[in-house]
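Hi there,

Here is the structure I promised to pass on. Have a look at it first, and my notes follow underneath.

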Amino acid sequence: MNARMVAGCALTVGALLFTSACKDGTEGGQKEASGGPAATKSQSPTSATKTPTAVPSPTGTMAKMPAGTNPGLRNKGRLTVCRGAAQTPFLTSSGEVPSSNGATVGQVKGFDVEMLSLIGQRINAVPQFNGNVPVDKVYNGEALKQKWCDVIGGISTDSKAAFPQMSFSVPYFTRKSAILVQGDARYASLDELVGKRVGARTTTPEFPDDIDTYNDKHSKKITVQRVEQDELLLGMLTSGRVDAVVLGNGQAKYFAALHKESNLHITAEFGKTYQAMFAVRKGNSALLKQIDAALADAGRNGLYAAAYRTWFSEEPKSVPPTG
């Protein structure tokens, strides 16, 4: 995987890591007889996953693509998605359900699924996830080149030019690092975490995070306890084992929204900014144009904001721009 691609499951921003759930890119299912990996069924997040409560507000409906438009899909009526390494609250799998032929398929949900569903409404296609494509084939462009999927979801990059085999949509989420605390604690920067008990995700020397970078540059170090999963960070914070955790702002917003009874707060967002985007095969301008139009439409009609409130329990500071 190219180091310039940032995975949502790794984010604290600056740490280009994958959790074990992301490494093989699989979610069950079986391969098609034609040789290409098969797609698995997607599912709306509100039907099987605990999510924050959305604040009701008026919304419009998605505009349809112009009559006669061909978005160049792998299969008509189906938007086949290869996932990047993003996890909750962007993309996650939870449980398995039997398919009609007795195999199992993953249930995929998250904020990205909401966005893909809105895109599907515009192009009259149901999003389905292909869980059989190895993650290296996703990021090197082979999955798109071989048409194993139409779009890649759950990725961010700091350089579109580093991936000449892909074309990227307009951005739909801004990723940064965040400090999450419980109660009245207020830490506005990493400097204020010196001397505190801090939780963060496991890193490697090849891919340090913001805390690693800070400690390399300062004589007074941040004492950090590393764990493999964001959910473990949440438990450390709510049990009082740490004073604060540093993680991706998307995960931090989601935890604060989902566990309001725990009085969680984000006290700072910092670090390098990455824009989450969908990627399509280079040259598939027909599909890219419809994805951009759908995201812009959702920004105008309120459906983007409604999905944002559902997963992050706050108003978005911006909406997807027009292409």
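Let me start with a question: which residues does Phe-111 touch, not counting those up to four places away in sequence? In this predicted model, the partners are Pro-89, Phe-90, Tyr-172, Phe-173, Tyr-304, Ala-307, Tyr-308, Trp-311 and Phe-312.

Phe-111 is also a good way into the interior. The largest nonpolar core has 53 residues, and Phe-111 is among those with the most contacts inside it, together with Leu-79, Met-115, Tyr-172, Leu-180 and Phe-278. Helix H1, which covers residues 111–123, gives this core its largest share, seven residues. There is also a second, separate core of 17 residues, with Val-133, Val-135, Cys-149 and Ala-279 among its members. As background, nonpolar side chains tend to be buried together in soluble globular proteins.

Next, the overall picture. The protein has eight helices and 13 strands, and 55% of its 323 residues count as buried. Taking contacts between residues at least 6 apart in sequence, 78% join residues at least 24 apart. The accessible surface comes to about 13,600 Å², and carbon and sulfur atoms account for 51% of that.

One helix to look at is H6 (249–258), which is mostly covered: ten of its ten residues are buried. The buried residues include Lys-253 and Gln-251 as well as Tyr-254, Phe-255 and Leu-258. What do the buried residues of H6 pack against? They pack against strand S9, helix H5 (230–238), strand S12 (244–248), strand S13 and helix H8.

Some of these elements come up again at the second largest pocket, which has a volume of about 250 Å³. Of the 18 residues that line this pocket, Phe-173, Thr-174, Tyr-308, Lys-317 and Ser-318 are the closest to its centre. Two of these names, Phe-173 and Tyr-308, will be familiar from the list of residues that Phe-111 touches. Strand S9 (173–182), helix H6, strand S13 (264–281) and helix H8 (303–312) each supply at least two residues of the lining, with the largest share, three residues, coming from S9. By class, the lining has nine nonpolar, four polar and five charged residues.

If you open the model, Phe-111 is a handy place to begin, as its contacts include Tyr-172 and Phe-173. From there you can move on to the pocket, where Phe-173 is one of the residues closest to the centre.

Happy to talk any of this through.

Best wishes

Definitions and conventions. Residues numbered from 1 in each chain as written. Predicted model: local features only at pLDDT ≥ 70, side-chain atom pairs only at ≥ 80, totals over all residues. Heavy atoms only, no water. 1 Å grid on protein atoms, 1.4 Å probe; cavity = no way out; pocket = protein on both sides within 12 Å on 5 of 7 lines; lining within 4 Å. Points joined across faces, edges and corners; volume = space filled by probe spheres on them. Helix = DSSP H or I, 4+ residues; strand = E, 2+ residues; numbered from the N terminus. Nonpolar A, V, L, I, M, F, W, Y, C, P; charged D, E, K, R; others polar. Core = buried A, V, L, I, M, F, W, Y, C linked by side-chain atoms within 4.5 Å. Buried < 20%, exposed > 50% of the residue type's maximum accessible area, 1.4 Å probe, protein only. Contact = heavy atoms within 4.5 Å. Areas by Shrake-Rupley, 256 points an atom, 1.4 Å probe, with all protein chains shown as cover.
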